[in-house]
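Here is a brief report on one protein chain. Look over the sequence and the structure first, then read on.

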Amino acid sequence: MESISTRLTATAEQVAAEAAELVRDARARLLAGGSVRVDTKSSETDVVTAVDRDTERFVRAKLAELRPGEPVVGEEDGGDLTPGGVNWVVDPIDGTVNFLYGYPWFAVSLAAQVDGVSVAGAVVEPVSGRRWTATRGGGAFLDGRPLRVGAPERLELALVGTGFAYRAERRLRQAELVAGLLGRVRDIRRAGAASLDLCAVGAGWIDAYFEHGLNRWDWAAGALVAAEAGAVVGLPGEEPALGGDLTFAAAPSIAGALREAIADGGGAGV
């Protein structure tokens, strides 16, 4: 019998895929010389577009049709989690700066959570069409293919992803931490979309990913993909020795060593 979580994953995938079509069409208009309204949020580099807002409104309307009465928390229009039942968490375009520049690493992220824990999720890329999905206890998949994290022998051979905050003062602290890590890992990658970076850990495309300051909509679906693919995952509030708002996902073979390296580098103070 199909589980409730499996049905939620199917809904997340359907809605995220339909929303991704809207984003893809908007990108095509931009590439053809069109324009889009752009505003800022926390800083001049923290941007939001009319496409973000339109896409989130579409997701909310579609969920109201398919899952009536279930609350939605989104990056653009906010919302509050309601205990006890299913809540939906959406990032209409994770990687908005990439979207604006034409860099194809951005996605629609949608997850179902119960009491703050992700039980189903989908991350869909508008440009490639790739669909990342996960169900708690049911595995993680890329276009239906099961995912499994990598297994680097030691931290020095690990490819590690990260990201940076929008405010300059915090970016400088994050840069100091990354500078200290460069001599202890194979290399660092910074692609600019947390949900996809977490999925990349699940696929073994990178061996680990960490970032301070993510919001729930940034990690709700991607962290579930990473965890269900076998990664060691730490969410904001779970890794106080590494920083109270750290999101962390790593292959088990190097998770302990990376935690130690982040702590040594002053992660708690970032």
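Which residues of strand 10 (residues 159-162) are buried on one side, and which on the other? Leu-159 and Gly-161 lie on one side. Val-160 and Thr-162 lie on the other. All four are buried, and both faces of the strand are covered.

## The chain as a whole

This is a predicted model. The chain has eight helices and 14 strands. With 270 residues, a compact globule would have a radius of gyration near 18 Å, and the chain agrees because its own value is 18 Å. Along the principal axes, the C-alpha atoms fill a box of roughly 50 × 50 × 30 Å.

Buried residues account for 52% of the 270 residues. Among contacts with a separation of 6 or more, 63% join residues 24 or more positions apart. The accessible surface is about 11500 Å², and carbon and sulfur atoms hold 50% of it. The chain carries 27 positive and 37 negative charges. The mean positions of the two sets are 2 Å apart.

## The seven-stranded sheet

Strands of a sheet pair through backbone hydrogen bonds, either parallel or antiparallel. One open sheet here has seven strands in the order 3-4-5-6-7-8-9, with mixed pairing. Strand 3 (72-74) and strand 9 (145-146) stand at the edges. Each has a single partner strand, so one side of each is left without a neighbour in the sheet.

How do strand 8 (residues 139-142) and strand 9 run, parallel or antiparallel? They run antiparallel, joined by two bridges. Leu-142 stands opposite Arg-145 of strand 9.

## Strand 10 and its partner

Strand 10, with both faces covered, is joined to strand 11 (residues 187-189) by three bridges. These two strands run parallel. Val-160, one of the buried residues of strand 10, stands opposite Ile-188 in strand 11.

## Asn-98 in helix 3

Asn-98 sits in helix 3 (residues 96-101). Is Asn-98 buried or exposed? Its relative accessibility is 11%, so Asn-98 counts as buried; the cut-off for buried is under 20%.

What does Asn-98 touch, leaving aside its neighbours within four places in sequence? Its contacts are Tyr-103, Trp-105, Phe-106, Ala-191, Gly-192 and Ala-193.

## Helix 5

Helix 5 (residues 194-203) is mostly covered, with ten of its ten residues buried. The buried residues include the polar Ser-195, the charged Asp-197 and also Cys-199. Leu-196, Leu-198 and Val-201 are buried in helix 5 as well. Just after the helix, Gly-204 takes a positive phi of about 80°.

## Strand 14 and its two partners

In a regular strand the side chains alternate between the two faces of the sheet. Strand 14 (residues 246-250) has five of its five residues buried. Leu-246, Phe-248 and Ala-250 point one way. Thr-247 and Ala-249 point the other way.

Which strand pairs with strand 14 over five bridges? It is strand 12 (residues 208-212), in the antiparallel sense. There, His-212 has Leu-246 of strand 14 as its bridge partner. Strand 13 (residues 232-234) also pairs with strand 14 in the antiparallel sense, over three bridges. In that pairing, Gly-234 stands opposite Phe-248. Leu-246 and Phe-248, which face these partners in the bridges, point one way from strand 14 and are buried.

How values were computed: Residues are numbered from 1 along each chain as its sequence is written. This is a predicted model: local features need pLDDT of at least 70, side-chain atom pairs count only at pLDDT 80 or more; totals for chains, interfaces and linings use all residues. Side-chain values use heavy atoms; hydrogens and water are left out. The radius of gyration is taken over C-alpha atoms; the globule rule is 2.2 Å times the number of residues to the power 0.38. Buried means under 20% relative accessible area, exposed over 50%, partly exposed in between (1.4 Å probe, protein chains only). Contact means heavy atoms within 4.5 Å. Accessible areas come from the Shrake-Rupley method with a 1.4 Å probe; for residues, only the protein chains shown count as cover. The place of a charge is taken as NZ of Lys, CZ of Arg, CG of Asp or CD of Glu. Two strands pair if DSSP finds at least two bridges between them.
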